[in-house]
Each structure stands twice: as C-alpha cells, then as structure tokens.
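Visitor: Hi, got a few minutes to go through a model with me? I'd like to just ask things as they come up.
Guide: Sure, let's put it on screen.

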Amino acid sequence: MSKASTSTTSKISSFVLMIIFVTLALSLTALILALYAFPQNPEAAGYLLLIGFLGVGLSTYVLLQTRRRILRLRIEATSITTTIECKKCGFKSLREFQRGDYIFKEVEPCQKCNDKMLITAIFREIKGKRKEGFPS
Ligand SMILES: [Zn+2]
C-alpha cells in the first residue's frame, strides 16, 4: 500500500514540475518579448514584464512549496526500527523505535528462554523502498 502511494506521489510531483517549467518558460518568453517590444510599445512591454515577473515568482513559489511537501512526505515514509537480540539463545526480534531506546539497553525478557534481551541495532528504514535504493 505504501509503495503505491509513493509512486502516486512521484507521478503528481513530476506533473507539477512540468507545469512549473512550462510556466517558467512562458514567463521568460514574456520577459524577452518585453525587452523587444519596449522601444515600439513601452505600455505593452510593461504588461509583458509584469506577466513575466508574476509567472517567475509564482512558479518559484510553487516549486518551493512542492519541494517542501515532498521532503515532508519522505520524512513521514521513514521509520526507525530497533533490533532486540537475546545473547543467550540468539533470538532476534524487530520492533518500532521507542523513545529512550539505545544500543545495549536491556529490555523485556526473551520470549524463548526468559533471559534479558539487549538492543543491538537501531536503524532507519524507508517504507516502500528496496534497500538497494537507499541513498548513502
Ligand atoms: Zn533467549
């Protein structure tokens, strides 16, 4: 389920990016046209200049907003996992990271031999992404 939502997010963001770049290109065209039109028609050039700046401003704003939203989604999609290991029988279990967890902390007794278990690893996991794609 999380994999499907991730691909939907990237599809939406690439669509938004396309619109932003089209707007940006049109705005730049308007700015260039304004420069050419200025000697003959300063009033029209003024309007083109206004449109151009509005377009550039708007697309930059949307781009920043989208980037922020993608970053937030990326943070939400990550989770921290704690590995608990029994030193006596080697039983291993994974659970969500809990506040106050640290490596070599003693936690709940082992499900198999009732001995004390230790936290051996704490790592961040990206949901819906394979380990090969993990950025180093
Ligand atoms: Zn054990």
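Visitor: Which residues does Lys-116 touch, not counting residues up to four places away in sequence?
Guide: With those left out, Lys-116 touches Glu-106 and Pro-109. Bear in mind that this is a predicted model.

Visitor: Where is Lys-116 placed?
Guide: Lys-116 sits in the loop between strand 3 and strand 4. It has 13 C-beta neighbours inside 10 Å, so it counts as partly exposed.

Visitor: And how far is Lys-116 from Lys-87, C-alpha to C-alpha?
Guide: They are separated by 8.1 Å, with their positions 29 residues apart along the chain.

Visitor: Let's back up. How many helices and strands does the chain have?
Guide: There are 2 helices and 4 strands. Going along the sequence, the pattern reads α-α-β-β-β-β.

Visitor: What's the confidence like, as mean pLDDT for the chain?
Guide: The mean is 83, and 80% of the residues reach 70 or more.

Visitor: Which element has the lowest mean pLDDT, and which the highest?
Guide: Helix 1, residues 2–37, has the lowest at 78, while strand 3 has the highest at 94. As a general caution, where pLDDT is low the predicted coordinates should not be read in detail.

Visitor: What share of the chain is buried?
Guide: Buried residues come to 8% of the 136 in the chain. As for contacts with a separation of 6 or more, 51% of them are between residues 24 or more positions apart.

Visitor: OK, on to the strands. How do strand 1 and strand 2 pair?
Guide: Antiparallel, over 5 bridges, with strand 1 covering residues 78–86. The two form a hairpin with 5 residues between them. Gly-90, in the turn, has a positive phi of about 80 degrees.

Visitor: Which residues stand opposite each other there?
Guide: Thr-81 stands opposite Glu-96 in strand 2. Another bridge partnership is Ile-84 with Ser-93, again in strand 2.

Visitor: Why does strand 2 lie largely in the open?
Guide: Strand 2 runs over residues 92–96, and of those 5 residues the number buried is 0, so the strand lies largely in the open.

Visitor: What about Thr-82: buried or exposed?
Guide: Thr-82 is buried, because 20 other C-beta atoms lie within 10 Å and the cut-off for buried is 20 or more. This residue belongs to strand 1.

Visitor: What is Thr-82 in contact with, leaving aside neighbours within four places in sequence?
Guide: The list is Arg-95, Phe-97, Gln-98, Asp-101, Ile-119 and Ile-122. Thr-82 and Phe-123 are also 6.6 Å apart, C-alpha to C-alpha, although 41 residues separate them in sequence.

Visitor: Switching again: where is Ile-103?
Guide: In the loop between strand 2 and strand 3. Ile-103 is exposed, because it has 11 other C-beta atoms within 10 Å and exposed means 12 or fewer.

Visitor: And what is Ile-103 in contact with, leaving aside its neighbours within four places in sequence?
Guide: Ile-103 is in contact with Ile-119, Thr-120, Ala-121 and Ile-122. Looking the other way along the chain, the C-alpha atoms of Ile-103 and Ile-84 are separated by 9.2 Å, with the two residues 19 apart in sequence.

Visitor: Any backbone oddities? What's phi for Phe-104, say?
Guide: Phi of Phe-104 is near 75 degrees, a positive value in a residue other than glycine. Phe-104 is placed in the loop between strand 2 and strand 3. It counts as exposed, with 7 C-beta neighbours inside 10 Å.

Visitor: And what's phi for Asn-114?
Guide: Near 65 degrees, which is again positive in a residue other than glycine. Asn-114 lies in the loop between strand 3 and strand 4, the loop where Lys-116 is placed.

Visitor: Is Asn-114 buried or exposed?
Guide: Asn-114 counts as exposed, with 11 C-beta neighbours inside 10 Å.

Technical notes:
Residues are numbered from 1 along each chain as its sequence is written. This is a predicted model: local features need pLDDT of at least 70, side-chain atom pairs count only at pLDDT 80 or more; totals for chains, interfaces and linings use all residues. Two strands pair if DSSP finds at least two bridges between them. Two residues are in contact if their C-beta atoms, placed from the backbone, lie within 7 Å. pLDDT is the predictor's confidence in each residue, from 0 to 100.
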